[in-house]
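Subject: Structure for your review

Dear colleague,

Please find below the structure that I am handing over to you. I should be grateful if you would read the notes beneath it with the coordinates open.

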Amino acid sequence: MSKLIMNRRRLLATGAAFGTVPLFAPALRAQTAPIKVAGIHASPVENAWNSVLHAAMVAADAEGVIEYSFSEGVSATDYPRAMREYAEAGNALIVGEAYAVEREARVVAADYPDTAFFLGSSGEASGDNFGVFGTWNWEAAYLCGMLAGAMTTSGTVGSVGAIPIPEVNMLINGFADGAKATNPDVIHLVSFIGTFFDPPKAREAGLALIDSGADILFGERIGTADAAQERGIMAVGSMIDYTPRYPETVFANAMWSFRPLLDLALADVAAGNPVARNYTPESLMQNGGNDIFLVEGSAPEAAVKQMMDVREAIIAGTFDVPRNFDEPA
């Protein structure tokens, strides 16, 4: 099948920015390229969320912007130790996730004031060196939901999520809101698997949703499309493009790009500026942080046109996708 990718990419002149920074450091030490960066991944880097972070840092390393090292599958009990070891090793920026270690991560950051920490978090930034970001591809999920609502024949769609934390909730709610925008009577079923990476468990959850009537699945977690493929129904992916793996199953993906967030954090680190802020707005569709990837010809033309009109309104700032952090019912 031919594919249509709808993706707005913002070209960020990271290399040029490094040459114009002041020689003094307001809070952290100014850095020259390549910046030494460590990634600490709680899940294997094949997990969709982690793979987006990993791919962005691998690309930055290949460009000579950073010098990247990483660990994967780091448990919550080992996470603070890994943070300390990478800080002791002289990394200027440590990228990771604080969701399971919110308090502990901030304690570590306070002990290493000359190291910048940039972690996915449901909390706020702290100190001078603890920056946070969230995953805001809920706008793209809304657009995918619009198509799902128009395409379902059973009148029921389903979502498989990890854990009902705010970012996951917002993503699933975005998909549900989009489905209801084109099909007000649609039924939306939700199942959480209780972990961030367990493809077999996500598959089982997906099968249960199909048994309950869902004929389109939104896979917030990897493994969901396996259930859809097994039962011969359509699926929507999240974070990354699942169509190469499931060419006859996944018709759309709610894509997320970490590179705009990473580049902004790197610019702050290069200048020696405090990173203690929330970088999440860089994930907005207006900033090139998320978008829909649609397989051409996979959805009715009228539904695609309606969705594209909304997409353009989001980009133009004339339509705001609702942000609902509540646990989906």
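The notes below concern one strand and its neighbours, and then the cavities.

Please bear in mind throughout that this is a predicted model.

Strand 5 and its neighbours

Strand 5 covers residues 116-120, and five of its five residues are buried, so the strand is largely enclosed by the rest of the structure. Its side chains alternate in direction: A116, F118 and G120 point one way, while F117 and L119 point the other way, and all are buried.

Strand 5 pairs with a strand on each of two occasions. With strand 4 (residues 93-97) the pairing is parallel and runs over five bridges; within it, L119 of strand 5 has G96 opposite. Between these two strands the chain passes through helix 4 (residues 102-111), and the resulting β-α-β crossover is right-handed. With strand 6 (residues 130-133) the pairing is again parallel, over four bridges. Here F117 has F130 as its bridge partner.

Cavities

Two cavities of 30 Å³ or more were counted.

The largest cavity has a volume of about 150 Å³. It is lined by 15 residues, of which W49, T135, V168, F196 and R221 are the closest to its centre. Two elements, helix 2 (48-62) and helix 6 (166-182), give two or more residues to this lining, and helix 6 supplies the largest share, with three residues. By character, the lining of the largest cavity comprises seven nonpolar, four polar and four charged residues. Where does this cavity lie with respect to the domains? Domain 1 (35-133 + 258-287) and domain 2 (138-256 + 299-316) both contribute residues to its lining, so the largest cavity lies between them.

The second largest cavity holds about 60 Å³ of space. Its lining consists of L217, G219, R221, I222, G223, T224, A225, A235, V236, G237, Y242 and Y246. Strand 9 (216-219), helix 8 (224-231) and strand 10 (234-239) each provide at least two of the lining residues; the largest share, three residues, comes from strand 10. The lining of the second largest cavity divides into seven nonpolar residues, four polar and one charged. R221 appears in both accounts: it is among the residues closest to the centre of the largest cavity, and it also lines the second largest cavity.

With kind regards

Key:
Residues are numbered from 1 along each chain as its sequence is written. This is a predicted model: local features need pLDDT of at least 70, side-chain atom pairs count only at pLDDT 80 or more; totals for chains, interfaces and linings use all residues. Side-chain values use heavy atoms; hydrogens and water are left out. Buried means under 20% relative accessible area, exposed over 50%, partly exposed in between (1.4 Å probe, protein chains only). Two strands pair if DSSP finds at least two bridges between them. A crossover is right-handed if, with the strands pointing away from the viewer, the path from the first strand over the helix to the second runs clockwise. On a 1 Å grid over the protein atoms alone, a cavity is a set of points where a 1.4 Å probe fits but cannot get out, and a pocket is an open set with protein on both sides within 12 Å along at least five of seven lines; lining residues have an atom within 4 Å of a point. Grid points are joined across faces, edges and corners, and a volume is the space filled by probe spheres set on the points. Ala, Val, Leu, Ile, Met, Phe, Trp, Tyr, Cys and Pro count as nonpolar, Asp, Glu, Lys and Arg as charged, and the others, Gly among them, as polar. Domain bounds come from an automatic or database domain assignment.
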